[in-house]
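Please walk me through this protein chain, beginning with its overall make-up and ending with a few individual residues.

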Amino acid sequence: MTVKSLSNMTGIIEVSKIDELNVSKDNFYKYVKDNNYEKVGPGMYADKETIVDELLVLHKRCPNGVISHDEALYYYGLIDREPLSHTITVYSGFNASRLIKSGYTVYYVNKELLNLGKINVVDNFGNEIPMYDLQRTIIDLIRNRNKFEIQDFTTALKTYAKRSDKDLSKLYEYAKAFRVDKVLRTYMEVLL
């Protein structure tokens, strides 16, 4: 096998995979340089013609994190504006300074609540990434309501209330776990 075979359907090659091919790091980096690959993340390179799936890169940079907030609201069609920066949730105590320096928006949550509502979705590039489900996304919206523009906040809640696939029992279960059930009830009484 060659270094080129490291490139998967995403067009990204990763340093972490070279052991599988028994390729030296020197040969790997020589291939990267000779073929004008660009660094797209730590240990990740793509050729200049590849349109990089930034959510996949973010997931690979932080495999324990979950794509959330603005990104999830946009994915579910609750807001119509694409986020200015990609958003991810990590557990409290995680050192996210490199992610923040790279321009990502990072939210923190207690470790025991990190995986609540976590599912895998297929993004626009066809890659599977971890993201919060629809109900958890609404809870994150409620919990961080002061960080959202009022128009986006209102639109997202109204859109959710009209959806046929909403799961109110799961929504209230999540609200209790995050202790925002009274706040949620106030908003839902107006919308439903």
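**From the whole chain to single residues**

The mean position of the 27 positive charges and that of the 26 negative charges of the chain lie 6 Å apart. The model is a predicted one. Its secondary structure comes to 9 helices and 8 strands, and the C-alpha trace spans about 60 × 30 × 25 Å along its principal axes. The chain has 192 residues, of which 45% count as buried. Its accessible surface comes to about 11200 Å², with 46% of that belonging to carbon and sulfur atoms. When contacts between residues at least 6 apart in sequence are considered, 52% join residues at least 24 apart.

The strands are a convenient place to start. Strand 5 covers residues 87-91 and is mostly covered, with 4 of its 5 residues buried. Strand 5 pairs with strand 4 (residues 66-67) in the antiparallel sense through 2 bridges, and in this pairing V66 stands opposite T89. Strand 5 also pairs with strand 6 (residues 105-109), here in the parallel sense and over 5 bridges. In that second pairing V90 of strand 5 stands opposite Y108 of strand 6.

V109 belongs to strand 6. Is V109 buried or exposed? V109 is buried, because its relative accessible area is 3%, and buried means under 20%. Leaving aside residues up to four places away in sequence, V109 touches T89, V90, Y91, S92, L114, R136, R143 and F178. The contact list thus includes T89 and V90, both named above in the strand pairings. For S92 there is also a distance: its C-alpha atom is 5.4 Å from that of V109, although the two residues are 17 apart along the chain.

A second pairing of strands comes further along. Strand 7 (residues 118-122) and strand 8 run antiparallel and are joined by 5 bridges, with N120 opposite P130. The two strands form a hairpin with 5 residues between them. In the turn, G126 has a positive phi of about 85°.

Helix 6 comes next, spanning residues 134-143. Helix 6 is mostly covered, since 9 of its 10 residues are buried. The buried ones are L134, Q135, R136, T137, I138, I139, D140, L141 and I142. What do these buried residues pack against? Their partners are helix 4 (69-75), strand 6, strand 8 (128-132), helix 7 (150-162), helix 8 (168-177) and helix 9 (181-191).

R136 is one of the buried residues of helix 6. R136 counts as buried because its relative accessible area is 0%. Which backbone oxygens lie by polar atoms of its side chain? The backbone oxygen of L113 lies 3.0 Å from a polar atom of the R136 side chain, and the backbone oxygen of L116 lies 2.6 Å from a polar atom of that side chain. Apart from residues up to four places away in sequence, R136 touches V109, L113, L114, L116, G117, Y174 and F178. L113 and L116 therefore appear both as contacts of R136 and as the residues whose backbone oxygens face its side chain's polar atoms within 3.5 Å. The contact with V109 leads back to strand 6.

Helix 9, one of the elements that the buried residues of helix 6 pack against, holds Y187. Y187 is partly exposed because its relative accessible area is 27%. Its contacts, not counting residues up to four places away in sequence, are I142, R145, F153 and L157. Among them, I142 is a buried residue of helix 6. Y187 and T154 are 33 residues apart in sequence and 9.7 Å apart from C-alpha to C-alpha.

Two loop residues remain. N36 sits in the loop between helix 2 (25-34) and strand 2 (38-41). Phi of N36 is near 55°, a positive value in a residue other than glycine. With a relative accessible area of 49%, N36 is partly exposed. R179 lies in the loop between helix 8 and helix 9, and it too is not a glycine, yet has a positive phi of about 60°. What is the relative accessible area of R179? R179 has a value of 75% and is therefore exposed.

Conventions
Residues numbered from 1 in each chain as written. Predicted model: local features only at pLDDT ≥ 70, side-chain atom pairs only at ≥ 80, totals over all residues. Heavy atoms only, no water. Buried < 20%, exposed > 50% of the residue type's maximum accessible area, 1.4 Å probe, protein only. Contact = heavy atoms within 4.5 Å. Areas by Shrake-Rupley, 256 points an atom, 1.4 Å probe, with all protein chains shown as cover. Lys, Arg positive; Asp, Glu negative; His and termini not counted. Charge placed at Lys NZ, Arg CZ, Asp CG, Glu CD. Pairing = 2+ DSSP bridges. Polar contact = N/O pair within 3.5 Å; in protein donor to acceptor, adjacent residues only side chain to side chain.
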